[in-house]
Amino acid sequence: MYLVELNDLTPRVVVARDREFFNVNAAGVALEKFIVVVDSFLFPIHSRQLREYVETKFNLPIKYVFLTHSDGDHVFGVDSFNGADIIASQYFGPKVKEFLLGKWSKKEFDAWKESEPEHADVIDEIIIHTPTIEFEKECFISDGSSKLELYHSGGHTSCSSWAYFPKDKVVFTGDDLASYDWPYISDFTGNPDNWISTFEHIMALDVDFIVPGHGVVVDKSHLKEHLDFIVTLRSLVKDAISEGKGKDNLDLPEFYPPAAEWQLERAFTHLFAFYSGR
Ligand SMILES: [Zn+2]
């Protein structure tokens with residue numbers, strides 16, 4: 001239980017997947033003198049496995065943890081990388097501070113433990129940290145000949161960001177992409193226009209591997225399917241708004257199924273509000 005799957009994706013990139021909890025991905029990227037971790041997991045017990053694996057494999061310290069966005073399944077395990085600087089977009093910290101007063105408060109965590117007593121011990125290990133380094137549009141981490149490029153997206157959530165490791169041609173999308181899933185257009189702070197321009201940016205890069213926030217590693221052809229789908233959704237919603245139609249009469253194209261039915265309801269509530277300027 002709580003075992004993550006560890007895969008050497010390229011000579012300098014390790015991807016870890018938590019098959020038990022939402023197929024979340026986290027990764028370790030070895031630059032010349034240190035490692036940058038991309039995302040943590042739901043629990044510190046998961047993140048510790050990634051830490052031990054990459055520190056041993058590369059014989060380097062973890063200097064930075066880049067958090068792609070403020071969803072708990074990518075953030076709650078971050079304490080396992082204690083000692084490393086936490087990097088995120090400038091929109092990340094304020095969200096976390098707000099969550100700590102609401103859905104991440106002690107009261108809510110106590111309720112979580114009560115509803116899932118089998119996980120109480122690992123929930124108790126969660127210590128949430130705010131970023132020590134924030135960036136607005138982009139942030140390049142480099143040492144010698146290696147570089148990891150971080151970019152703000154604002155697609156899936158207002159704080160969503162992604163990373164590009166040119167040396168091994170790998171992109172890490174956070175939850176802008178969940179491979180073989182209906183896109184998680186579930187956060188009302190997200191911006192579909194930014195989402196589309198993020199994917200267009202990635203499509204223009206030299207990329208062999210795309211590590212999504214959830215699901216198996218894919219290539220640009222799969223990202224293009226998602227890009228085309230979101231562009232189609234945008235047109236459908238804009239046309240429906242201009243014709244005075246509601247969200248129940250859309251002629252949706254075939255796509256990968258949503259993880260839950262509520263995703264569609266929420267996505268269209270968000271898209272209609274966004275493009276109606278509400
Ligand atoms: Zn997620």
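# Group meeting talk: core, helix packing and some loop residues

The largest nonpolar core has 63 residues, and the ones with the most contacts inside it are A27, V29 and V36. I start there and then go outward. Please keep in mind that this is a predicted model.

As background, nonpolar side chains in soluble globular proteins tend to be buried together. Take V36 as a way into the core. What does V36 touch, if we set aside residues up to four places away in sequence? The list is V29, L31, K63, Y64, F66, I141 and L148. V29 is on that list, and V29 is also among the three core residues with the most contacts.

Next, the helices. There are two pairs to look at, and helix α7 belongs to both.

The first pair is α6, residues 192–203, and α7, residues 220–242. Their axes come within 10 Å and cross at roughly 150°. Angles over 145 degrees count as roughly antiparallel, so α6 is roughly antiparallel to α7. The crossing of α6 past α7 is left-handed. On the α6 side, the residues that meet α7 are P192, W195, I196, F199, E200, I202 and M203. Facing them in α7 are K220, L223, K224, H226, L227, I230, V231 and R234. Sorted by class, this contact has 10 nonpolar, one polar and four charged residues.

The second pair is α7 with helix α8, which covers residues 262–276. Here too the axes come within 10 Å, and they cross at roughly 60°. Are these two parallel or oblique to each other? Roughly parallel would need an angle under 35 degrees, and roughly perpendicular starts at 65, so α7 and α8 are oblique. This crossing is right-handed. From α7 the contact uses L233, V237, K238 and I241, and from α8 it uses L271, F272, Y275 and S276. By class that gives six nonpolar, one polar and one charged residues.

Now to the loops, beginning with two residues picked out for their backbone angles. N23 is not a glycine, yet it has a positive phi of about 55°. N23 sits in the loop between β2, residues 13–18, and β3, residues 24–30. Is N23 buried or exposed? It has 20 C-beta neighbours inside 10 Å, and therefore counts as buried; the cut-off for buried is 20 or more.

D39 is the other one. Its phi is near 70°, again a positive value in a residue other than glycine. D39 lies in the loop between β4, residues 35–38, and α1, residues 44–58. With 28 C-beta neighbours inside 10 Å, D39 counts as buried.

A few further positions will help you find your way around the model.

E55 is in helix α1. It has 14 other C-beta atoms within 10 Å, so E55 is partly exposed. Leaving out residues up to four places away in sequence, E55 touches P61 and I62. For a sense of distance, E55 and S115 are 60 residues apart in sequence and 35 Å apart in space, C-alpha to C-alpha.

K137 is in the loop between β7, residues 133–135, and β8, residues 138–143. K137 is exposed, because 11 other C-beta atoms lie within 10 Å and the limit for exposed is 12 or fewer. From K137 to S161 is 24 residues in sequence and 9.0 Å in space, C-alpha to C-alpha.

K167 is found in the loop between β10, residues 161–165, and β11, residues 170–178. With 17 C-beta neighbours inside 10 Å, K167 counts as partly exposed. Its contacts, not counting residues up to four places away in sequence, are R12 and S146. K167 and F274 are 107 residues apart in sequence, and 37 Å apart in space, C-alpha to C-alpha.

Last is Y180, in the loop between β11 and α6. Y180 has 15 other C-beta atoms within 10 Å and is partly exposed. Which residues is Y180 in contact with, leaving aside its neighbours within four places in sequence? They are G215 and Y256. Y180 and P258 are 78 residues apart in sequence, while their C-alpha atoms are 9.4 Å apart in space.

That is the tour.

Methods
Residues numbered from 1 in each chain as written. Predicted model: local features only at pLDDT ≥ 70, side-chain atom pairs only at ≥ 80, totals over all residues. Axes fitted to C-alpha atoms, helices over the stretch in contact; angles between N-to-C directions. Helix = DSSP H or I, 4+ residues; strand = E, 2+ residues; numbered from the N terminus. Parallel < 35°, antiparallel > 145°, perpendicular 65-115°, else oblique. Left-handed = near helix turned anticlockwise from the far one by under 90°. Contact = placed C-beta atoms within 7 Å. Nonpolar A, V, L, I, M, F, W, Y, C, P; charged D, E, K, R; others polar. Core = buried A, V, L, I, M, F, W, Y, C linked by C-beta atoms within 7 Å.
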